[in-house]
Amino acid sequence: MAVLNEQQRLSLGERRGVIEDVMLHSPALGRDMEMKVILPPGYAPDIERYPVLYFLHPWGLSPRYITDKLNIHLHLWRGVHRRILPPFVIVLPTGGKSFFVDAADPPGHDWSEMLRLDDEFFRDALVLYGRYGTYLREDVIPFVEQHYAVRSDRAGRAIGGISMGGAGAAVHAFSSPERFGAVGIHSPALFPGPPEYGGPPWIFGVDWQSFAERNPADVARRLTPDTQPRIFLDCAENDPMIDQVDALHRTLNELGLAHEYAIEPGGHNKTYWEPRIPRYLAFYARDWQE
C-alpha cells in the first residue's frame, strides 16, 4: 500500500475536500448532537467566507445516510473540481424522527396503540423528537457560523432536505424567508391533515391549528412573491405522497410563488435521490456562481 507524505496528503485534501464529524451540545434539546460538516476542496477560512447549505435527512436516518448512501460530498467535490459548482460548505445536522420542527407534544395522550401499528417505523419515535426547530435555528446555525468560514447573509445561506428533511426545510424556509435564499423540497413527507392523517400527532398535534403551524402548504401562506426564497420541489412518480406533493405545488401556484417543479420516474428511495444530487446542488449554487 502506498504511503502518502504530508504534501501529497495536503494536495489530496485540497482536491477532495474534507468531512468533519462534529459533536454539538444543544441547549434546546439538552444533549449532545452529532453533525457532519462537508468542506469544499481548497477550503481557506482565512481568505474567504463560503456559502452554506443546511441539508436535512429522512425520518429515522442520520447524516451518514446523506454521505454514505447519497454521496453528497463526492458530488460537491467533483463539481467544484470540474468548475461546475462554486466551493460551498454543506452542513448535515441530526434530526432523529423529529421533522426538524418544534413538536406540538399535546398533553394527556397515550400513543402506544399508534406505535404498535408499525413497531419498526416508530421505534424510538417518542425519544427522537422535541424542540428540533429551535435546535436548528438557535444551536446548529450559530455554531456553524462561529466555527466555520460561512456566510451569514440570506443570499449565502440555503436549506434543503429529503423526505422528512424536505418537509422540515420547507417549514423553516417558509416561516423565516429572511434566513434562506433558496430551499430544496425533495420528496417531502407531507400529510393531508386531521382527521384523515396529520402525521405523528406528538409532533404535529391533534388539531388543525397545530398541524397548520408545521405543514409546508399552510406555512407557505406567510410568503409573498417579494419575500419568498427560490424554491425547488420535486418528487417521484411512484412516491406514496405524490398527491400531497402536488397539493403543495398547487398551493404555491395559487399564492403566486414562483418555483421549479419536477415529477420524474422512480420511488421514495435512494435510487431516485442519489442520481439527482448533482441537480440539487446546482440549484442551491445557482446564485453563488462567480
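Contacts that bridge distant parts of the sequence dominate this predicted model: among contacts with a separation of 6 or more, 76% join residues 24 or more positions apart. The secondary structure behind this picture comes to 12 helices and 8 strands.

Let's look at the overall shape next. A compact globule of 290 residues would have a radius of gyration near 19 Å, and the chain has 19 Å, so the two agree. Along the principal axes, the C-alpha atoms fill a box of roughly 60 × 40 × 35 Å. Of the 290 residues, 54% count as buried. The accessible surface comes to about 13500 Å², and carbon and sulfur atoms contribute 49% of that area. As for charge, the chain carries 29 positive and 38 negative charges, whose mean positions lie 5 Å apart.

Now for some details of the backbone, all of them in loops. Between β6 (182-186) and α7 (201-204) you will find P195. The peptide bond that joins P194 to P195 is cis, with omega at about 5 degrees.

Two residues other than glycine have a positive phi: F100, near 55 degrees, and D124, near 60 degrees. F100 belongs to the loop between β4 (89-93) and α4 (112-115), while D124 belongs to the loop between α4 and α5 (132-147). Are these residues buried or exposed? F100 has a relative accessible area of 0%, so F100 is buried, given that buried means under 20%. D124, at 48% relative accessibility, counts as partly exposed, because exposed would require over 50%.

How values were computed:
Residues numbered from 1 in each chain as written. Predicted model: local features only at pLDDT ≥ 70, side-chain atom pairs only at ≥ 80, totals over all residues. Heavy atoms only, no water. Helix = DSSP H or I, 4+ residues; strand = E, 2+ residues; numbered from the N terminus. Rg over C-alpha atoms; globule rule 2.2 N^0.38 Å. Buried < 20%, exposed > 50% of the residue type's maximum accessible area, 1.4 Å probe, protein only. Contact = heavy atoms within 4.5 Å. Areas by Shrake-Rupley, 256 points an atom, 1.4 Å probe, with all protein chains shown as cover. Lys, Arg positive; Asp, Glu negative; His and termini not counted. Charge placed at Lys NZ, Arg CZ, Asp CG, Glu CD.
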